[in-house]
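User: Hi! Could you walk me through this structure and show the reasoning behind the labels you give it?

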Amino acid sequence: MTAVQILDTVVLTGDQVEGWLRRWRTEYLPGARERGMVAERVWRTWTGPDTAAVRILWSLPDSGAFFAARSAAKRDPRVTAFWAATDEIARGRKRQVLEPVDPDEDGEGGAA
């Protein structure tokens, strides 16, 4: 199995970013680490004159670890509360699960 990476993107007004990141560090990150998630990188990207996107790249060792972390998060009311509070202030958010692709492979041999 190959490693799984997750890219979370949360769009906020620029003045909300620091407060959201503080809450993320104290309310979400410790539990995510307990679920086996590793925050590899965190970026802030200005998306407009008054909005910024926070992008967090997570890694997990394989798809089994991803599904175990997702299952554990669904049972944790702190996770639900954190994302509900985020949804109240965010302009948008999304999560992408990324699968690595070898740039040197020709793509042949995959599913038809």
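**Reading the labels**

Analyst: Happy to. The protein chain has 3 helices and 4 strands, and this is a predicted model. From the N terminus on, the elements follow the order β-α-β-β-α-α-β. Of its 112 residues, 33% count as buried.

User: What are the overall dimensions and the exposed area of the protein chain?

Analyst: Along the principal axes, the C-alpha atoms fill a box of roughly 50 × 35 × 25 Å. The chain exposes about 7,200 Å², with carbon and sulfur atoms supplying 52% of that area. As for charge, the mean positions of the 16 positive and 17 negative charges are 9 Å apart.

User: What share of the contacts between residues at least 6 apart in sequence joins residues at least 24 apart?

Analyst: That share is 73% in the protein chain. One pair far apart in sequence is V79 and Y28: 51 residues separate them along the chain, while their C-alpha atoms are 6.7 Å apart in space.

User: How do you know that the length of helix α3 agrees with what its residues should span?

Analyst: Helix α3 covers residues 77–89, and at 1.5 Å a residue its 13 residues should span 18 Å. Its end C-alpha atoms are 19 Å apart, so the two values agree.

User: What puts the buried residues of α3 on the same side?

Analyst: The buried residues there are V79, F82, W83 and T86. They cover an arc of only 90° around the axis, which places them on the same side of α3. The general background helps here: an α-helix has 3.6 residues a turn, so residues three or four places apart point the same way. On the face of α3 turned away from the buried side sit the exposed residues P77, T80 and E88.

User: Which elements do the buried residues of α3 pack against?

Analyst: They pack against β1 (4–13), α1 (17–34), α2 (63–74) and β4 (92–98).

User: Why is V79 called buried?

Analyst: The cut-off for buried is under 20% relative accessible area. V79 has 10%, so V79 is buried. This residue of helix α3 touches Y28, R35 and A73, leaving aside residues up to four places away in sequence.

User: And why does T86 count as buried?

Analyst: T86, also found in helix α3, has a relative accessible area of 0%, so T86 falls under the 20% cut-off and is buried. With residues up to four places away in sequence set aside, T86 touches V10, W20, R23 and R93.

User: Why is S63 called partly exposed?

Analyst: Partly exposed lies between the buried limit of 20% and the exposed limit of 50%. S63 comes to 31% relative accessibility, so S63 is partly exposed. S63 lies in helix α2; S63 and E99 are 36 residues apart in sequence, with 9.6 Å between their C-alpha atoms.

User: How do you know that the buried residues of α2 are on the same side?

Analyst: The residues in question are A65, F66, A69 and A73. Their arc around the axis is only 105°, so they lie on the same side of α2. These buried residues pack against β1, β3 (51–60), α3 and β4.

User: What is the reach of α2, set against the expected length?

Analyst: Helix α2 has 12 residues and reaches 17 Å from its first C-alpha to its last, close to the 16 Å expected at 1.5 Å a residue.

Terms used: Residues numbered from 1 in each chain as written. Predicted model: local features only at pLDDT ≥ 70, side-chain atom pairs only at ≥ 80, totals over all residues. Heavy atoms only, no water. Helix = DSSP H or I, 4+ residues; strand = E, 2+ residues; numbered from the N terminus. Buried < 20%, exposed > 50% of the residue type's maximum accessible area, 1.4 Å probe, protein only. Contact = heavy atoms within 4.5 Å. Areas by Shrake-Rupley, 256 points an atom, 1.4 Å probe, with all protein chains shown as cover. Lys, Arg positive; Asp, Glu negative; His and termini not counted. Charge placed at Lys NZ, Arg CZ, Asp CG, Glu CD. Expected span 1.5 Å × (residues − 1). Arc of directions from axis to C-beta.
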